[in-house]
Amino acid sequence: MKGQVFRSHGSEYFIRSGDETYRVVARGKMKGKTEILVGDYVEFKSGAIDSVYPRTSRFIRPSVANVEMIAAVLSALPRPDFLMLDKLLVSAEKEGVDVVFVVNKNDLGKEIYEKVRREYAGTGKEIFSVSAETGENLDTLKDRLKGRLTAFAGQSAVGKTSLVNAMFKTSLKVGDLSSIGRGRHTTTYSNIYFFDAWKIVDTPGFAVLESEIGAGELARYYPEFEAHLNECRFRGCTHTGEKGCAIASLAESGEIARERYERYQEIYRQLKEKKKYE
Ligand SMILES: Nc1nc2c(ncn2[C@@H]2O[C@H](COP(=O)(O)OP(=O)(O)OP(=O)(O)O)[C@@H](O)[C@H]2O)c(=O)[nH]1
Ligand SMILES: [Mg+2]
Ligand SMILES: [Zn+2]
């Protein structure tokens, strides 16, 4: 039988196949060899998984496979970590996964929404201003997510679980704001929820950069850089201070959001550092 893993717990996997759910383990021959992730399509029989189908995408921390859409959730409180957000976007571009920005808690103000519109217009992604509290714009967002396995990602306490609850009338556990900064997540594991035409993954955090991303390829995952990458004076320009860098001058003139460019350089530096320790 073929099914999709929607949750794993220790050595147990929960699989959805048709309208049925199954609780299985990995067949002995797979242990230590083949990794099985939430989101994986697997072949299984008599209580054990025999094989994993090829993935269309894969994220680490949280590790989920076959995600088709990422809802990148931000809020006024906690304050957004834009460096983390940019890393998430880079991972999504690398994996070929579509992203929408979901600026939640708009009942607290529109400042973050305006900032995201300014800095991320160049990415061409859609930006939603919503509130899990008042329900504003949730129908539009829900329409956009229909039919594609969507992962809600973002810092702890931005309201990922609250959004799922508000859209699908569920009562999953939400946290309070007191846990901010303590690195504690209310949602502690990734789980796919099936609601009619929707498949939603509530995750306990951000998808981070895959270690396989090299500093040299980073610029390719910035949609707003793409059209200009061969306008730099030097071939192999890393866009980190070389003379005649087209990306730097576009950031200078504001055509590319300066903050995005500054964070690009920071991420580039971090990827270089990481290399040294490998
Ligand atoms: N004012 C306001 N508060 C909200 C809104 N959405 C969520 N919250 C509050 O934000 C807090 C955190 O919500 P959660 O849904 O648990 O956040 P989360 O992103 O799932 O957090 P983790 O599971 O820890 O990653 C709760 O106190 C919610 O009541 C909103 O639209 N407006
Ligand atoms: Mg949560
Ligand atoms: Zn350059």
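Is Gly124 buried or exposed? I began my entries on this predicted model with that residue, and I found 9 C-beta neighbours inside 10 Å of Gly124, which makes it exposed because the cut-off for that class is 12 or fewer. I then placed Gly124 in the loop that leads from helix 2 (111-120) to strand 10 (126-129). I also looked up its separation from Asp202, and the two residues lie 78 positions apart in sequence and 24 Å apart in space, C-alpha to C-alpha.

Next I turned to Asp40, which sits in the loop between strand 3 and strand 4 (41-45). Here I counted 24 other C-beta atoms within 10 Å, so Asp40 is buried, the threshold being 20 or more. Leaving aside residues up to four places away in sequence, I noted that Asp40 touches Val5, Val52, Arg55, Ala65 and Asn66. For Phe6 I recorded a C-alpha to C-alpha distance of 8.0 Å from Asp40, across a sequence separation of 34 residues.

I went on to the strands, where I traced a closed barrel of five strands in the order 1-2-3-5-4, and I noted that its pairing is mixed. From one strand to the next the twist averages 55°. Within this barrel I looked at strand 3 (residues 20-26) and strand 5 (residues 48-52), which run parallel and are joined by two bridges. On strand 5, I found Ile49 standing opposite Ala26.

My entry on helix 6 (residues 246-253) starts with its buried residues, which are Ile247, Leu250 and Ala251. Looking down the axis of helix 6, I saw that these buried residues fall within an arc of 100°, so they line one face of the helix. This fits the general geometry, for an α-helix has 3.6 residues a turn, so residues three or four places apart point the same way. On the face of helix 6 turned away from that buried side I listed the exposed residues Glu252 and Ser253. After helix 6 comes Gly254, for which I noted a positive phi, near 90°.

Last, I examined the surroundings of ligand 1, where I found 24 residues, and those that come nearest are Gly159, Thr161, Ser162, Val174 and Thr187. Which kinds of residue make up the shell around ligand 1? I sorted the shell into seven nonpolar, 12 polar and five charged residues.

Conventions
Residues numbered from 1 in each chain as written. Chains lettered and ligands numbered in written order. Predicted model: local features only at pLDDT ≥ 70, side-chain atom pairs only at ≥ 80, totals over all residues. Helix = DSSP H or I, 4+ residues; strand = E, 2+ residues; numbered from the N terminus. Near = placed C-beta within 6 Å. Nonpolar A, V, L, I, M, F, W, Y, C, P; charged D, E, K, R; others polar. Pairing = 2+ DSSP bridges. Axes fitted to C-alpha atoms, helices over the stretch in contact; angles between N-to-C directions. Arc of directions from axis to C-beta. Contact = placed C-beta atoms within 7 Å.
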